[in-house]
Amino acid sequence: MPRRLTVAAAQLGPIQKAEGREVAVGRMVRLMEAAHRRGVEVVVFPELALTTFFPRWYEEDRAAADHWFETSLPSNATAPLFEAARKYGIGFHLGYAEKTPEGRHFNTAAYVHPSGEVVLKYRKVHLPGHAEHDPVRRVQHLEKRYFEVGDLGFPVVRAPVGGAGPVNIGMLICNDRRWPEAWRVLGLQSVELVMLGYNTPSLNMDNRGFEAHHLRVLHSHLSIQAGCYQNATFGIATAKAGVEDGHELFGHSIIVNPQGEIMAQATSWDDELITADIDLGMCRLGRETIFNFAAHRRVEAYGRITGQTGAEAPRAWEPARG
């Protein structure tokens, strides 16, 4: 029996620092209404979808940034999203800043069932940027200051999604997409649908060399397409886009199939809904042939991946003597 879904990436245009959560949530609800009209069953919103990308702003007192964080889900501000999910029968992925009851801080994503129940939570593992103010940078990237490294691993859950029945769902956030190990851990759990949100600037502000704008987009798409292909999964990668607080985010949200092909792509810097009809049966080809892990993986040769962090120089070749 075919396992088909209609899915959507709900790209958001910029959210300015002065705008409250109710502005972003109102826009997101309107995107869910549009998704309902198109017959969408799953909507994926971006990373940190409720606010501006606040890690670009330095706070000497770390606690002064706590107002950007959610302490519960749903909250009063996010309740309209849960109500829309129930009204339209749509599941949704939400990226947000999470403060736990114990006072810990994470860059988090949750997948919410149309009933309003949180099915799966993921906390970002690969935090980019730095922890202290860097006077050399034109724009700060302080994720390491405001967030802890995610402590949930890379979970996958099998849960009912739309008319497709149970689907193996996993999540990544932004910089995670660039790390093949993250995708492979999901692939080893037979993931079929990866939901991924990001807020990525059009310019690399590291000041260690210029990275062209078109390469920023290329590298993002390349990472997602390779991850989907090498792990035989669909991917929905949703961006924040446009000029936010004077800083450009490149957008280019995409939906990718298990062959690594882009099925749909956003073409604006505004709120934009892109959709695709997907057949989850497409995941079988890769995992039963080229990427049949049980038949072809050679774990005895991969020890360096988990046994070493930084790169090490290889031994020097020396010509034979005599």
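Reader: Which residue of β2 is the bridge partner of Val7?
Author: In this predicted model, Val7 has Val42 as its bridge partner in β2.

Reader: Why are strand β1 and strand β2 called a pair, and in which sense do they run?
Author: Pairing requires at least two bridges between two strands. Strand β1 (residues 4–11) and strand β2 (residues 42–44) are joined by 3 bridges, so the criterion of at least two is met. The two strands run parallel.

Reader: To which sheet do β1 and β2 belong, and what makes β5 and β14 edge strands?
Author: They belong to an open sheet of 6 strands with mixed pairing, in the order β5-β4-β3-β2-β1-β14. β5 (118–123) and β14 (272–279) are its edge strands, as each pairs on one side only. From one strand to the next, the twist averages 25 degrees. Helix α1 (residues 21–37) packs on this sheet, where β1, β2, β3 and β14 are touched. The direction of helix α1 makes about 40 degrees with that of β14.

Reader: Why is Thr100 classed as buried or exposed, and where does this residue lie?
Author: Thr100 lies in the loop between β3 (91–99) and β4 (105–112). Its relative accessibility is 8%; the limit for a buried residue is under 20%, and therefore Thr100 counts as buried. Leaving aside residues up to four places away in sequence, Thr100 touches Phe106 and Arg123.

Reader: What is the strand order of the sheet that contains β6, and which strands form its edges?
Author: The order is β6-β7-β8-β9-β12-β13, an open sheet of 6 strands with mixed pairing. Its edge strands are β6 (156–160) and β13 (262–265), each of which pairs on one side only. The twist here averages 20 degrees from one strand to the next.

Reader: Why are β6 and β7 called a pair, and in which sense do they run?
Author: There are 5 bridges between β6 and β7, and at least two are required, so the strands pair. The sense is antiparallel, and Arg158 stands opposite Asn168 in β7. The hairpin of these strands has 5 residues between them, and Gly162 takes a positive phi near 50 degrees there.

Reader: Which strands run parallel to each other in this region, and over how many bridges?
Author: β7 and β8 run parallel, joined by 5 bridges; Ile173 stands opposite Gly197 in β8. Strand β8 (residues 193–198) also pairs in the parallel sense with strand β9 (residues 234–239), over 6 bridges. Met195 stands opposite Ile236 in β9.

Reader: Why is β7 described as largely enclosed?
Author: Of the 8 residues of β7, 7 are buried, so the strand is largely enclosed by the rest of the structure. Helix α4 (residues 180–187) lies across β6, β7 (166–173) and β8, and runs at about 165 degrees to β7. Helix α5 (residues 213–230) packs on the sheet and touches β8, β9, β12 (254–256) and β13, its direction making about 25 degrees with that of β12.

Reader: Why is Ile305 classed as buried or exposed, and what patch includes this residue?
Author: Ile305, placed in helix α8 (residues 303–307), has a relative accessible area of 52%. Exposed means over 50%, so Ile305 is exposed. With Val299 and Tyr302, Ile305 forms a nonpolar patch on the surface; together the three have about 280 Å² of accessible area.

Definitions and conventions. Residues numbered from 1 in each chain as written. Predicted model: local features only at pLDDT ≥ 70, side-chain atom pairs only at ≥ 80, totals over all residues. Heavy atoms only, no water. Helix = DSSP H or I, 4+ residues; strand = E, 2+ residues; numbered from the N terminus. Axes fitted to C-alpha atoms, helices over the stretch in contact; angles between N-to-C directions. Contact = heavy atoms within 4.5 Å. Patch = residues over 30% accessible without salt bridge, like charges linked within 9 Å, V, L, I, M, F, W, Y side chains within 5 Å. Areas by Shrake-Rupley, 256 points an atom, 1.4 Å probe, with all protein chains shown as cover. Salt bridge = Lys/Arg side-chain N within 4 Å of Asp/Glu carboxyl O. Buried < 20%, exposed > 50% of the residue type's maximum accessible area, 1.4 Å probe, protein only.
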